[in-house]
Amino acid sequence: MRNSVDEAWILVQEYVKEKGLRRHILAVAAAMYYYAGLLGEDQEYWETIGLLHDFDWEIHPDLNQHPMDGAPILRERGWDEETIRTILSHYTEGTGVQREKPVDFALLANDEITGLIIATTLVRPSRNIGDVRLKSIRKKWKDRRFAAGVDRDHVQAVTDDFSRVCFSGQLDLWAHIANVLSAMQARASDLELDGQLAR
Ligand SMILES: [Fe+2]
Ligand SMILES: [Fe+2]
């Protein structure tokens with residue numbers, strides 16, 4: 001039996017106090033939910049994966065620990081091995097767990113790009129994601145000093161993998177970014193990107 005979205009969110013609230021990390025987690029969950037809908041997959045399950053993928057980053061803020069050391073905690077809380085395997089697959093370099101299923105590829109494709117979209121929103125005076133157009137993200141994408149932690153080549157590579165596995169190679173980078181943007185816009189208030197942080 002699978003645990004629920006609500007249980008995943010309770011776990012996140014317990015382990016993640018920092019607002020920025022919560023926003024990242026919620027953004028990835030929104031994108032996962034969106035893509036599950038598009039692909040006819042289980043939206044609640046994909047959202048759960050998004051919520052859980054970085055739940056241990058605040059307690060394990062190091063790639064020698066994350067996400068490996070989060071796995072026993074999930075196991076203890078009754079999360080199933082398949083969920084844990086998917087979470088471990090978002091860092092194959094450290095875990096040795098390969099991506100196999102659509103949900104695995106979606107997770108990685110949605111992970112970093114949300115960071116560029118959040119950063120693009122937060123430099124606008126309105127801090128409202130509803131005002132963000134693809135054009136602005138494109139400009140920020142080209143300026144590699146902006147949100148420099150977002151590795152553009154890695155985002156392109158994981159998007160290509162996701163496209164190949166789930167869209168017969170037909171999902172290009174900018175269609176993907178447009179999808180993630182609209183998934184996040186649909187949850188603007190959860191992300192506190194609806195203007196509530198306006199300067
Ligand atoms: Fe992670
Ligand atoms: Fe992440």
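## Helix packing and a two-iron site

The crossing of α7 and α10 is left-handed. This report on a predicted model starts with that pair of helices, then turns to other packing and to the two iron ions.

The axes of α7 and α10 come within 8 Å of each other and cross at roughly 155°. Angles over 145 degrees count as roughly antiparallel, and α7 and α10 are therefore roughly antiparallel to each other. On the α7 side, the residues in contact are Pro102, Phe105, Ala106, Leu108 and Ala109. They meet His154, Val158, Thr159, Asp161, Phe162, Val165 and Cys166 in α10.

How much of α7 is covered? Nine of its ten residues are buried, so the helix is mostly covered. The buried residues are Val103, Asp104, Phe105, Ala106, Leu107, Leu108, Ala109, Asn110 and Asp111. They pack against several helices: α2, α3, α5, α8 (113-122), α10 (152-166) and α11 (173-185).

Two of these neighbours of α7, namely α2 and α11, also pack against each other, at an angle of about 110° with their axes 8 Å apart. That makes α2 roughly perpendicular to α11. Here the crossing is right-handed. From α2 the contact involves Ala27, Ala30, Ala31, Tyr34, Tyr35 and Leu38, and from α11 it involves His176, Asn179, Val180, Ser182, Ala183 and Met184.

Helix α5 (residues 81-88) is largely enclosed by the rest of the structure, because six of its eight residues are buried. These are Thr83, Ile84, Arg85, Thr86, Ile87 and Leu88. The buried residues of α5 pack against α3, α4, α6 (92-95) and α7 (102-111).

The table sets out the protein donors of the two iron ions.

| Ion | Donors | Distance |
|---|---|---|
| iron ion (ligand 1) | Asp54 (OD), His66 (NE2), His90 (NE2) | 2.1 to 2.2 Å |
| iron ion (ligand 2) | His24 (NE2), His53 (NE2), Asp54 (OD), Asp111 (OD) | 2.1 to 2.2 Å |

Which residue coordinates both ions? Asp54 does, and the iron ion (ligand 2) and the iron ion (ligand 1) are 4.0 Å apart.

For the iron ion (ligand 2), the donor residues follow the spacing H-x28-H-D-x56-D in sequence. Among these donors, His24 in helix α2 (residues 19-39) and Asp54 in the loop between α3 (43-52) and α4 (70-76) are 30 residues apart, a pair that links distant parts of the chain. Both His24 and Asp54 are buried. The donor Asp111 is one of the buried residues of α7. The angles among the four donor atoms of the iron ion (ligand 2) run from 87 to 172°, and the site is irregular. Four donors count as tetrahedral if all angles lie between 85 and 135 degrees, and the upper end of this range, 172°, lies outside those limits.

For the iron ion (ligand 1), the donor spacing is D-x11-H-x23-H. Its donors likewise include a pair from distant parts of the chain: Asp54 in the loop between α3 and α4, and His90 in the loop between α5 and α6, 36 residues apart. Asp54 and His90 are both buried.

How values were computed
Residues are numbered from 1 along each chain as its sequence is written. Chains are lettered from A and ligands numbered from 1 in the order in which they are written. This is a predicted model: local features need pLDDT of at least 70, side-chain atom pairs count only at pLDDT 80 or more; totals for chains, interfaces and linings use all residues. Side-chain values use heavy atoms; hydrogens and water are left out. Donors are N, O and S atoms within 2.8 Å of the metal (3.2 Å for Na, K and Ca); water is not among the atoms, so sites may look incomplete. Four donors count as tetrahedral if all angles lie between 85 and 135 degrees; four count as square planar and six as octahedral if opposite donors are over 155 degrees apart and all others between 65 and 115; anything else is irregular. Helices (H or I, at least four residues) and strands (E, at least two) are DSSP runs, numbered from the N terminus. Buried means under 20% relative accessible area, exposed over 50%, partly exposed in between (1.4 Å probe, protein chains only). Contact means heavy atoms within 4.5 Å. Axes are lines fitted to C-alpha atoms, for helices over the stretch in contact, and angles run from 0 to 180 degrees between N-to-C directions. Angles under 35 degrees count as roughly parallel, over 145 as roughly antiparallel, 65 to 115 as roughly perpendicular and the rest as oblique. A crossing is left-handed if the near helix is turned anticlockwise from the far one by less than a right angle, and right-handed if clockwise.
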